[in-house]
Amino acid sequence: MITTEAQLRALYAAPAERALRKQLDRLDAHCRRFIALAPLCVLATGGGAGSLLDASPRGGPPGFVQVGEDGDLLLPDAGGNNRLDSLANLLHDPRIGLLFFIPGVDETLRVNGTACLRDEPAFIARFGAERQPPRLVVQVQVREAYLHCPKALMRSRLWRAESQVERSVLPTLNQMIHAQSGNTAPPEAQEAMVERYARQIAQEQGEI
């Protein structure tokens with residue numbers, strides 16, 4: 001078992017200078033362009049009192065995460081299940097990590113920093129084009145930013161058409177949740193759930 005960093009380092013070669021120098025303390029033009037094209041990011045947070053860490057996907061039209069005038073990130077909170085795990089975590093521990101994805105691109109962008117939750121009108125107004133403005137905006141002060149190499153997505157072949165899995169290989173979401181929670185009521189059909197979510201998203205984005 002590996003219990004010290006010295007043991008860990010002994011298993012691997014030293015990182016190349018390029019891997020160390022690519023880390024920035026701000027968003028440069030390439031990072032900003034990447035974020036403008038990304039319709040998906042994964043948000044990592046940690047709570048207080050030794051609680052477990054959390055990773056949660058966030059999505060929207062490309063560029064749904066904005067870069068502010070001071071180089072901070074502005075992430076509007078969209079409607080979800082109202083567990084508020086990530087948001088509550090940030091109240092206890094402001095550290096945050098984000099991983100941005102662009103469909104068809106194997107490279108990803110990693111951004112680390114600290115966050116606060118903003119509900120002032122000036123922040124909400126930045127997303128006023130949406131029919132349902134966000135209740136709050138996660139403002140991220142960037143501390144680290146760097147492009148991540150494509151090997152993980154190349155290994156997974158995530159974007160390849162032949163890697164796509166038919167949804168029918170799994171039970172529907174509601175069937176799985178009913179089994180996990182012991183709910184004996186008839187579950188909502190997958191098609192009905194997808195249609196309901198699509199309608200909600202279209203309303204949020206002002207499409208209907």
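In this predicted model, β5 and β6 are joined as a hairpin with six residues between the two strands. Within that turn, Gly104 adopts a positive phi of about 90°. The two strands run antiparallel and share six bridges, and one of the pairs places Ile96 against Gly113 of β6.

**The sheet**

The hairpin belongs to an open sheet of seven strands, whose order is β2-β1-β5-β6-β7-β4-β3 and whose pairing is antiparallel. The edge positions are taken by β2 (53-59) and β3 (66-67); each has a single partner strand, so one side of each is left without a neighbour in the sheet.

On the far side of β6 from the hairpin partner in the strand order β5-β6-β7, the pairing with β7 is antiparallel and extends over 11 bridges. Here Ala115 faces Val140 of β7, while Gly113 has Val142 of β7 as its bridge partner. Gly113 is also the residue of β6 that bridges to Ile96.

β7 pairs in turn with β4, again in the antiparallel sense, through four bridges. The partner of Leu73 in β7 is Val140, the residue that also stands opposite Ala115. Leu73 serves as well as the bridge partner of Val67 in the pairing that involves β4. That pairing, between β3 and β4 (residues 73-76), is antiparallel and has two bridges.

The pairings described above are collected here.

| Strand pair | Sense | Bridges |
|---|---|---|
| β5 and β6 | antiparallel | six bridges |
| β6 and β7 | antiparallel | 11 bridges |
| β4 and β7 | antiparallel | four bridges |
| β3 and β4 | antiparallel | two bridges |

Helix α3 (residues 29-37) is laid across five strands of the sheet, namely β3, β4, β5 (95-101), β6 (108-118) and β7 (137-148). The angle between α3 and β6 is about 80°.

**Domains and the largest pocket**

The domain assignment divides the chain into domain 1 (13-156) and domain 2 (165-205). Their C-alpha centres are 27 Å apart. The largest pocket draws lining residues from both domain 1 and domain 2, so the pocket lies between them.

This pocket holds about 1600 Å³ of space. Its lining comprises 43 residues, and those nearest the centre are Asp77, Ala78, Gly79, Gly80 and Glu204. At least two lining residues come from each of β2, β4, α4 (85-92) and α8 (190-204). The greatest contribution is that of β2, with six residues; β2 is also one of the edge strands of the sheet. Sorted by class, the lining consists of 20 nonpolar, 14 polar and nine charged residues.

**The second largest pocket**

The second largest pocket has a volume of about 410 Å³. It is lined by 15 residues, with Arg18, Lys22, Leu147, His148 and Cys149 closest to its centre. The elements that each supply at least two lining residues are α2 (17-21), α3 and β7. Of these, α3 is the helix that lies across the sheet, and β7 is the strand that pairs with β6 and with β4. β7 provides the most residues to this lining, four in number. By class, the lining contains eight nonpolar, two polar and five charged residues.

Key:
Residues numbered from 1 in each chain as written. Predicted model: local features only at pLDDT ≥ 70, side-chain atom pairs only at ≥ 80, totals over all residues. Heavy atoms only, no water. Pairing = 2+ DSSP bridges. Contact = heavy atoms within 4.5 Å. Axes fitted to C-alpha atoms, helices over the stretch in contact; angles between N-to-C directions. Domains from an automatic or database assignment. 1 Å grid on protein atoms, 1.4 Å probe; cavity = no way out; pocket = protein on both sides within 12 Å on 5 of 7 lines; lining within 4 Å. Points joined across faces, edges and corners; volume = space filled by probe spheres on them. Nonpolar A, V, L, I, M, F, W, Y, C, P; charged D, E, K, R; others polar.
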